[in-house]
Amino acid sequence: KLAAAGLVDGTGGGKYSPTAAVTRAQMAKFIVGAYEYVSDRTLSRSRNAFSDDDGNTLEPFINAAVAGGFVIGRESRYEPGAVVRRDAMASFLARPLDLLVAEGTTPPKQ
């Protein structure tokens with residue numbers, strides 16, 4: 001279902017690799033795609049937020065994640081190839097969820 005919705009691409013050759021580590025660039029694609037899918041909004045990808053992601057195929061999603069307020073860099077760098085730690089992933093997931101609730105797209109659980 002995630003692939004059909006365009007939220008994940010897999011790792012090539014028809015494989016998903018669910019036990020593989022997730023990079024910060026991949027995570028940006030996940031959270032931007034999920035936010036845009038649920039909210040039916042498109043985040044701006046135009047601002048070049050970080051210089052260390054230049055040329056990365058997922059740079060537009062990193063820029064969109066910055067525009068949405070979902071990510072911040074580390075000392076002006078994003079480190080797109082770095083593996084996402086569990087605590088960071090929790091923060092990355094919470095920010096778009098908070099925005100969806102604030103926008104009224106997803107009501108808070110009663």
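Which residue just after H2 takes a positive phi? In this predicted model, the answer is Gly69, whose phi is about 80 degrees. Helix H2 is a good place to begin the tour, so let us stay with this element for a moment.

Helix H2 spans residues 59–67. Of its 9 residues, 7 are buried, which means that the helix is largely enclosed by the rest of the structure. If you would like to find them, look for Glu59, Phe61, Ile62, Asn63, Ala64, Ala65 and Val66. These buried residues of H2 pack against H1.

Now step back along the chain to the loop between helix H1 (24–39) and helix H2, where you will meet Asp53. Asp53 is buried, yet it has no salt bridge. The nearest side chain of opposite charge belongs to Arg24, and that is 9.7 Å away. Beyond its neighbours within four places in sequence, Asp53 touches Asn48, Glu59, Ile62, Asn63 and Pro80.

Other charged side chains do find partners. Side chains of opposite charge can pair when their charged atoms come close. The model has 5 salt bridges, and three pairs are worth visiting here. In the pair of Glu36 and Arg45, the closest N and O atoms are 2.9 Å apart. Glu36 is buried, because its relative accessible area of 15% is under 20%, while Arg45 is partly exposed at 27%. Next come Arg41 and Glu103, with their closest N and O atoms 2.9 Å apart. Arg41 sits in the loop between H1 and H2 and Glu103 in helix H3, so this salt bridge ties together parts that are 62 residues apart in sequence. Both ends are partly exposed, with Arg41 at 36% relative accessibility and Glu103 at 31%. Lastly, Glu79 pairs with Arg77, where the closest N and O atoms are 2.4 Å apart; Arg77 is partly exposed, with a relative accessible area of 36%.

The loop between H2 and helix H3 (86–103) also holds Arg74. At 28% relative accessibility, Arg74 is partly exposed. Leaving aside neighbours within four places in sequence, Arg74 is in contact with Arg24, Glu79, Ala82 and Arg85. Arg74 and Phe50 are 24 residues apart in sequence, and their C-alpha atoms are 9.9 Å apart in space.

Finally, take a look at the largest pocket, which has a volume of about 320 Å³. It is lined by 15 residues, and those closest to its centre are Thr11, Tyr16, Val22, Gln26 and Phe30. The lining is made up of 9 nonpolar, 4 polar and 2 charged residues.

Notes. Residues are numbered from 1 along each chain as its sequence is written. This is a predicted model: local features need pLDDT of at least 70, side-chain atom pairs count only at pLDDT 80 or more; totals for chains, interfaces and linings use all residues. Side-chain values use heavy atoms; hydrogens and water are left out. Helices (H or I, at least four residues) and strands (E, at least two) are DSSP runs, numbered from the N terminus. Buried means under 20% relative accessible area, exposed over 50%, partly exposed in between (1.4 Å probe, protein chains only). Lys and Arg count as positive and Asp and Glu as negative; His and the chain ends are not counted. A salt bridge is a side-chain nitrogen of Lys or Arg within 4 Å of a carboxyl oxygen of Asp or Glu. Contact means heavy atoms within 4.5 Å. On a 1 Å grid over the protein atoms alone, a cavity is a set of points where a 1.4 Å probe fits but cannot get out, and a pocket is an open set with protein on both sides within 12 Å along at least five of seven lines; lining residues have an atom within 4 Å of a point. Grid points are joined across faces, edges and corners, and a volume is the space filled by probe spheres set on the points. Ala, Val, Leu, Ile, Met, Phe, Trp, Tyr, Cys and Pro count as nonpolar, Asp, Glu, Lys and Arg as charged, and the others, Gly among them, as polar.
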